[in-house]
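Thanks for coming. I have one structure to go through today, and I will keep to what can be read from it.

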Amino acid sequence: MKYTRSKTALFLIELIIAILFFAFASAICIQLFARAQLLSRRSAAMDTAMLQMESCAEIYTATGGDFDAVLNYLGASSVPEDTLTLYYNNTFTPCEESGAFYILTITHQVEAIGLTSIYITAVEQGGPLLFEFTQAVYNPPLEHTA
């Protein structure tokens, strides 16, 4: 008796292998797209944080290093120990501390006569540092001529 293989069984095995290959490839693609979206969100948050920090630094420079003027412009009347903390939600809209997703901290320091600086940091709530930098302003003392 002559033994013949069914072509149907071979076709089914090839079909299963093809399905497994495409399932594996789609799982890898989904991971890559999810990672790309996460990186995109993080990059957008870093850009927005940098813009907020630049805005604070420009206000500081425009006021000649007057930290009280910066506080008034940002809506704070006084802060303990020359440190201002601003809270933002996940769309970088100012909010209360309870709804904060991002935290911007501005620390004021007098370096020398006429030289003041601020140190600004932006972090995610309970997460990594997004951005940080220091802005210094030199306002030489005015000399009176008689």
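I will go through the salt bridge, two surface patches, and then two single residues.

Before that, a caution: this is a predicted model, and every value I quote is computed from it.

Start with the salt bridge. How many salt bridges does a search of the whole structure find? It finds one. The partners are E124 and R42, and their closest N and O atoms are 3.6 Å apart. This pair links distant parts of the chain, with the two positions 82 residues apart in the numbering. E124 sits in strand 3, residues 115-124, while R42 belongs to helix 1, residues 7-62. As for R42, its relative accessible area is 29%, so it counts as partly exposed; that class runs between the 20% limit for buried and the 50% limit for exposed.

Next, the surface patches. Helix 1 comes up again here, since L15 is placed in it. L15 joins F11, L12 and I19 in a nonpolar patch on the surface. Together these four have about 390 Å² of accessible area. L15 itself is partly exposed, because its relative accessibility is 40%.

The other patch is charged. Which residues gather in the patch of negative charge on the surface? They are D66, D68, E81 and D82. Of these, D68 can be placed in helix 2, which covers residues 67-74.

D82 takes us to the first of the single residues, H108, because D82 is among the residues that H108 touches. Leaving aside residues up to four places away in sequence, the other contacts of H108 are Y60, G65, F67, T116, S117 and I118. H108 lies in strand 2, residues 102-112. Is H108 buried or exposed? It counts as buried, because its relative accessibility is 13%, and the limit for buried is under 20%.

The last residue is Y138, in strand 4, which spans residues 129-138. Here the answer goes the other way: Y138 has 52% relative accessibility and therefore counts as exposed, the cut-off being over 50%. Again setting aside residues up to four places away in sequence, Y138 touches I113, G114 and L115. As for D82 from the negative patch, Y138 is 56 residues from D82 in sequence and 18 Å from it in space, C-alpha to C-alpha.

That is what I have. I will take questions now.

Note on methods
Residues numbered from 1 in each chain as written. Predicted model: local features only at pLDDT ≥ 70, side-chain atom pairs only at ≥ 80, totals over all residues. Heavy atoms only, no water. Helix = DSSP H or I, 4+ residues; strand = E, 2+ residues; numbered from the N terminus. Buried < 20%, exposed > 50% of the residue type's maximum accessible area, 1.4 Å probe, protein only. Contact = heavy atoms within 4.5 Å. Patch = residues over 30% accessible without salt bridge, like charges linked within 9 Å, V, L, I, M, F, W, Y side chains within 5 Å. Areas by Shrake-Rupley, 256 points an atom, 1.4 Å probe, with all protein chains shown as cover. Salt bridge = Lys/Arg side-chain N within 4 Å of Asp/Glu carboxyl O. Lys, Arg positive; Asp, Glu negative; His and termini not counted. Charge placed at Lys NZ, Arg CZ, Asp CG, Glu CD.
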